[in-house]
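Here are a few exercises to try with the model open beside you. Work through each task before reading its solution.

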Amino acid sequence: MARRSENIGERADWSVLMVCTGNLCRSPMAERLAAARLRRLTAVAGLPGPPEASARVSSAGVRAFPGTPMEPTAAAVLRERGADDIGFCSRQVTPMMVAEADIVLCATRAHRARIVELVPRAVRRTFTLREFARLAEAVAPRYIDALADEVAGCHPSGRLRAAGMALGAAGAGARGVAPPDAPDDDDLGDPLGGGLDDFRACAEVIEAALEPLDRLLAALLGATAPR
């Protein structure tokens, strides 16, 4: 059963933190692909202000060298998909980053464990990206409808954050109800050291995990998920 979302407080933007190892490949691609989808969604949903007023997507690594550019092949794959790779610099994850994030989406279960070790209170809002997509899809449609009614009552400026937090709470509530076929199904493989096809395959898996989240957020906002 889905749980009601937490009080969204005064901040209006939904803060999403993507995490991998070096913050060079997987989490940067996930950050920029998710940001592109959320920009489109805010436009379709008619939310006020610029997209960054509704959502803030960032990334970091558990063993990063801060200030390093994105891996060039990852950047090339993003450009192929129409996403922006400009201005990216790697970051080392910190407890403050985790504390400020509404949801933390990790590449693997090992990254998820490291985040929870760093900030134990973040356990209910920390998932792997593929795990969160699976859990969100397991939430019964009637609960999505109920959560949509809750989101509709929020001020438009905070509606995406309310939708994101509602979906996060629903996903956390689905843990243990919808286990993966195999534990490593929740992990996102590392393309570092591989060729262009490996990076393209990684981006495909990221997009496949983002698609149901895009669709469910759209449902919570009373919009149609953009293509």
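Strands here are DSSP runs of E with at least two residues, numbered from the N terminus. Keep in mind that the model is predicted.

**Exercise 1.** Find the element that holds S59, and decide whether S59 is buried or exposed.

*Solution.* Start with the element: S59 sits in strand β2, which covers residues 55-61. Next, take the relative accessible area of S59, which is 2%. Buried means under 20%, so S59 counts as buried. Now look at its surroundings: S59 touches residues including L17, M18, F88 and R91. N23 is also one of the residues in contact with S59, and the side chains of S59 and N23 share a polar contact of 2.9 Å.

**Exercise 2.** Work out the strand order of the sheet and say which strands stand at the edges.

*Solution.* Reading across the open sheet, the four strands come in the order β2-β1-β3-β4, with parallel pairing. β2 and β4 (126-128) each have a single partner strand, so one side of each lacks a neighbour in the sheet. From one strand to the next, the twist averages 25°. For a closer look at one pair, β3 (residues 103-106) is joined to β4 by three bridges, and L105 stands opposite F127 of β4.

**Exercise 3.** Check the span of helix α7 (residues 159-173), then place the helix against the sheet.

*Solution.* At 1.5 Å a residue, the 15 residues should span 21 Å; the end C-alpha atoms are 21 Å apart, so the two agree. Helix α7 lies across β1, β2, β3 and β4, at about 50° to β1. Of its 15 residues, 13 are buried.

Conventions
Residues are numbered from 1 along each chain as its sequence is written. This is a predicted model: local features need pLDDT of at least 70, side-chain atom pairs count only at pLDDT 80 or more; totals for chains, interfaces and linings use all residues. Side-chain values use heavy atoms; hydrogens and water are left out. Buried means under 20% relative accessible area, exposed over 50%, partly exposed in between (1.4 Å probe, protein chains only). A polar contact is a pair of N or O atoms within 3.5 Å; within protein, one must be able to donate a hydrogen and the other to accept it, and residues adjacent in sequence count only if both atoms are side-chain atoms. Contact means heavy atoms within 4.5 Å. The expected span of a helix is 1.5 Å times one less than its number of residues. Two strands pair if DSSP finds at least two bridges between them. Axes are lines fitted to C-alpha atoms, for helices over the stretch in contact, and angles run from 0 to 180 degrees between N-to-C directions. Lists of a residue's contacts leave out its neighbours within four places in sequence.
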